[in-house]
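Hi everyone, thanks for making time. I'd like to walk you through one structure today, so let's put it up on the screen.

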Amino acid sequence: MLDYLNVFWNARDLAPHGFCLLWQPELVWTHVVADALIAAAYFSIPIAIIRFVTGRKDVEFSWIFWLFALFIVACGTTHLMSIWTLWTPDYGLEALIKVITAIASVGTAIVLWPLIPKALALPSPLQLKQANAELGERVRERDEALAQLKREIAERERAEAALLQAQKMEAVGQLTGGIAHDFNNLLQAVSGTLDLIVNRPSDTEQVRKWAQRGLQAAERGTRLTGQLLAFSRVQRLDLKPVVIGPLIQDMLDLFSRSLGPSIRIETNLHEAGDAVLADRTQLELALLNLAINARDAMPEGGTLTISSSINDACDPEIFPHGCIDICVSDTGGGMAPEVLERAFEPFFTTKGVGKGTGLGLSMVYGVAKQSGGDARIDTRPGEGTTVTITLRRDAAGPGGALPETPAGASAPAGSGNGFTVLVVDDDEDVRTTVRYALEELGYRVEEAADGASALALLAERRPDAAIVDFAMPGMNGAEVARQARLLHPDLPVLFASGYADTDALGDALGSEMPLLRKPFQLGELAAQLAQSIAAGRSG
């Protein structure tokens with residue numbers, strides 16, 4: 001091995017390559033210039049390759065370029081050695097450089113050939129151009145599809161808006177038909193009883209019966225408008241503690257008369273005496289609506305079950321003092337899923353035109369929500385229906401509810417004690433009716449058709465109380481009351497209004513102003529007015 005290496009070292013004893021050329025200048029310098037140019041070209045090519053690879057890091061097979069650069073540098077070095085050995089016989093070093101060049105060239109060839117198929121698979125500029133054209137076509141098709149989709153969405157939205165409008169019109173038609181049917185019945189009852197009274201005014205006993213029927217019809221009208229206002233949530237409820245057990249027990253006779261003999265009524269009531277926060281009148285109306293719906297669901301008869309129980313699973317953030325469930329269940333045919341989905345919608349009804357307003361369940365839902373509670377329906381076709389009203393428990397606990405004074409209780413004639421009352425209302429019929437009622441109660445009455453006339457009377461003399469309509473043209477009742485208080489600071493003012501928006505009433509009147517809602521009965525008028533006068537005189 002040492003002998004073999006000595007041959008490389010002792011090669012310096014050989015003659016230089018120029019000696020073989022007999023030192024002819026033409027030959028020597030031709031070799032020098034040619035090899036120098038070749039070496040310079042070889043050395044510049046790796047620089048260009050390295051510049052390209054470092055500038056384009058995304059190029060596939062970049063490592064092969066580095067191998068090419070090494071191979072070309074080795075080739076350029078061999079040409080430099082050819083120049084060197086013209087004068088210096090370093091043939092051993094030249095041989096070593098050629099060995100390195102051979103290794104680089106063979107290695108490059110070995111790795112290059114397997115890369116040829118992969119390199120051929122790379123897209124050519126023409127292929128890239130074609131692919132770009134195809135991509136552009138796809139983008140154009142996509143844009144057209146998007147434009148078409150937008151047109152279809154716009155068309156669908158127009159169709160949905162038209163459908164919604166048609167549904168609204170259908171709902172209004174259902175509401176109009178149902179309300180007209182119910183009000184026509186009420187008007188027939190009222191006008192019929194009034195005709196009978198006019199024809200036989202001397203028959204006192206019959207007049208009393210006919211008048212009572214007329215009052216019952218008017219009360220039904222009040223309940224119907226209450227349904228309209230409750231589901232729309234325009235009228236604020238008068239929330240007070242109400243004990244469920246006695247309320248339902250008091251309604252059993254009404255349920256029996258409303259449902260008929262084919263419906264058996266059962267109760268399962270919580271007896272702890274807990275009260276819920278609710279508007280008693282609206283809650284009674286909601287329960288009556290549920291009972292009537294249950295009757296309609298059982299045309300062949302069945303069982304109506306009314307139960308109440310404490311719900312221990314209610315959310316403490318929504319119901320800080322707990323809640324009570326009131327359930328009304330029937331043994332009817334239940335609801336189909338599509339009916340259940342729309343059951344609480346206003347105006348939705350499965351009954352024929354003129355047979356229902358579609359306000360019953362929506363009114364129940366509105367009353368529950370306005371009371372701070374909730375309502376839900378559990379039903380399956382063929383298994384009956386249970387409607388649950390969940391209401392807040394009163395913070396006072398058992399025994400916290402006050403006894404209810406019956407609305408419409410009669411007042412004794414002459415209870416006005418000769419007090420003078422100013423009645424301010426722009427409706428002459430209402431004003432005259434109230435005057436007759438007050439005179440029947442023993443009050444002296446003065447009338448005013450608008451705010452200006454009322455203030456003119458108040459400037460001359462002070463009555464013992466004033467009954468003022470809220471919604472009047474020009475100066476409304478709240479403004480009349482304010483200016484009246486400037487003239488007579490201690491004047492008792494009782495508002496009487498059929499205005500539906502109780503939020504607006506609350507903002508205008510405040511929470512302390514007494515309010516008598518139209519339509520009212522004589523007993524309500526007497527009680528409210530007497531209370532207002534007593535409060536004013538004690539103040």
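I'll start with a sheet and the helices on it, then move to a pair of helices.

One thing up front: this is a predicted model. Okay, the sheet. It's an open one with 5 strands, in the order β2-β4-β5-β7-β6, and the pairing is mixed. At the edges you'll find β2, residues 263–268, and β6, residues 374–379, and each of those pairs on one side only. Going from one strand to the next, the twist averages 15°.

Let's look at the β6 edge. Strand β7, residues 385–392, runs antiparallel to β6, and 6 bridges join the two. If you want a spot to find on screen, look for R376, which stands opposite T388 in β7.

Now, what packs on this sheet? Helix α9, residues 280–297, does, and it touches β2, β4, β5 and β7. The direction of α9 makes about 25° with that of β5. There's also helix α8, residues 244–259, lying across β2, β4 (302–311) and β5 (323–330). Against β2, α8 runs at about 175°.

Okay, on to the helix pair. These are α13, residues 451–460, and α14, residues 477–487. Their axes come within 10 Å and cross at roughly 10°. Angles under 35 degrees count as roughly parallel, so α13 and α14 are roughly parallel to each other.

Which residues meet there? From α13 we have G451, A454, L455, L458 and A459, and they meet V480, Q483, A484 and L487 in α14. That contact divides into 7 nonpolar residues, 2 polar and no charged.

Conventions
Residues numbered from 1 in each chain as written. Predicted model: local features only at pLDDT ≥ 70, side-chain atom pairs only at ≥ 80, totals over all residues. Heavy atoms only, no water. Axes fitted to C-alpha atoms, helices over the stretch in contact; angles between N-to-C directions. Helix = DSSP H or I, 4+ residues; strand = E, 2+ residues; numbered from the N terminus. Parallel < 35°, antiparallel > 145°, perpendicular 65-115°, else oblique. Contact = heavy atoms within 4.5 Å. Nonpolar A, V, L, I, M, F, W, Y, C, P; charged D, E, K, R; others polar. Pairing = 2+ DSSP bridges.
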